[in-house]
Each structure stands twice: as structure tokens, then as C-alpha cells.
Amino acid sequence: MDDEFILDTPRVRQFIGEVRAAMAAHPAREALELLLPAFTELLADPSWLPDSYMQPVAEGGMGGGIATWLLYRAGDGGLSLFSLVVPPGSATPVHDHLAWGLVGLYSGEQDERVYRRLGDHGQIADGHAPLEQIEQNHLRPGDYYLLMPPEGDVHSVATVSKGPSVSIHMLGNDTGCTVRHAYDPDEGTARAFTSGWSNRECREREDT
Ligand SMILES: [Fe+2]
């Protein structure tokens, strides 16, 4: 399958080129740290992301009017770049990502709760997945975090600004089409879920 540049601009192509070069030459954590300057530049630049990728949707896989706008995905399913739009007053389910990545706030403000899985090596068994909240963060534009599962992989975000929050994600999977988990921290349970993409279908893979 071919790479897809849904937002096909020199800026996005340049950033993806830098990501690919860093990932090819370094272990994931080191590559993510090397990519921080380019990523924070994207977060600070109001000119590259069209308005249409900053809008909520009526219905999406995460509920609550939350949109997942795919900007780029790799043909091999190993990389995606997308914006997540969470309307004011909405929150994502507690969820995991199952991939390394960089996530940063582009506009609006979010409260984030980060969890760690407890129990048998953090494994999910028969839907049983007890969690412990380990962090609560208030995120403003320009703030970012690294995902390096299991570190920081389970969280929820809620928009606390008057307008929607828009965060930019660069993750090492086809996140919208990956079967992930949504958690109920009070019950200590997890269920499989797929967020999907607001602007693309998931593709059948021949290689998996
Ligand atoms: Fe997330």
C-alpha cells in the first residue's frame, strides 16, 4: 500500500521526511527526542493546518463530537500524523495508543489524566484492567508529551477551554485503525475499541 498524504503540503512532507530519517537512524526514544524541535515548531506555527482539520464532528469513534483527522499515514501502517479535536466540555474515554509517539497541543486547553496499569505485568486479562492515576496535567498550546508504551500510554483528555482543543499526534501506528482499549478506571475494566478516522476508511492489509 502507498503512503497517503491527505494534507499534501511541502510542510507536512518535510516533517514526515524528518520523522522517517530519525526513526531509520536511531532507537525510538532517541529519535523522538531529536524530533522535538521540528515538532514544537509545528505546534507554534498557526499557518500549516487548515481550519477544516480543527473542527469537531457529529459522530466519531471516540464519542462526544471528537474528531480524528488523518493528515498522513504510511503504507505499511507504521506511522500516522493526525489532529484530534475535542469540543469544549467533552472528554475522551480513558484509552491507550499502543505505539510510541509525540503528542502536542496546537490550540485550546486540556486537562489530562495519566494512568498506569496494575496487576499482572499490566496485562489485560478477560477485560480486567485495574488502573492507578499517576498524573494530572493542564496542557496549553505548545505543551507536548512523549508516548513510549507502557510509559504514558493510558490517559484521558478533556477540553477545558471555551473553544475546541486541537492536538497534533505523530504515532508509530495507523492509530485510527488499530484495535486499542478503552478503560473504566472505577470498574477496573477494559474493552476493545477502534477510534477510526473522521476523513478516511480503514484499509484492508494484505501483510497482516
Ligand atoms: Fe490519547
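This report walks through a helix pair and a few individual residues of the structure above.

The model is predicted, so local features need pLDDT of at least 70 and side-chain atom pairs count only at pLDDT 80 or more, while totals for chains, interfaces and linings use all residues. Residues are numbered from 1 along each chain as its sequence is written.

**The helix pair**

Let us start with α1 (residues 10-25) and α2 (residues 28-44), whose axes lie 9 Å apart at an angle of about 170°. Helices here are DSSP runs of H or I with at least four residues, and strands are runs of E with at least two, numbered from the N terminus. Axes are lines fitted to C-alpha atoms, for helices over the stretch in contact, and angles run from 0 to 180 degrees between N-to-C directions. The two helices are therefore roughly antiparallel to each other (angles over 145 degrees).

Which residues of α1 and α2 make the contact? From α1 come Phe-15, Glu-18, Val-19, Ala-22 and Met-23, and from α2 come Ala-31, Leu-34, Leu-35, Ala-38 and Leu-42. Contact requires C-beta atoms, placed from the backbone, within 7 Å.

**A closer look at α2**

At 1.5 Å a residue, the 17 residues of α2 should span 24 Å, and its end C-alpha atoms are indeed 24 Å apart; the expected span is 1.5 Å times one less than the number of residues. There is nevertheless a kink of about 45° at Leu-36, shortly before the proline Pro-37. The bend is the angle between axes fitted to the seven residues ending at a residue and the seven starting there.

Ala-31, Leu-32, Leu-35 and Phe-39 are the buried residues of α2 (20 or more other C-beta atoms within 10 Å of their own, against 12 or fewer for exposed and in between for partly exposed, with C-beta atoms placed from the backbone). These buried residues pack against α1, β5 (101-107), β8 (144-147) and β10 (165-171).

**Residues elsewhere**

Two residues can be set side by side for their surroundings.

| Residue | Exposure | Other C-beta atoms within 10 Å |
|---|---|---|
| Leu-98 | partly exposed | 17 |
| His-138 | exposed | 10 |

Leu-98 sits in the loop between β4 (94-95) and β5, and has a positive phi of about 60° although it is not a glycine. His-138 belongs to strand β7 (residues 131-139). Leaving aside neighbours within four places in sequence, His-138 is in contact with Glu-109 and Asp-111.

Finally, a cis peptide bond joins Pro-149 and Pro-150, with omega of about 5°. Pro-150 lies in the loop between β8 and β9 (154-159).

Methods. Parallel < 35°, antiparallel > 145°, perpendicular 65-115°, else oblique. Contact = placed C-beta atoms within 7 Å.
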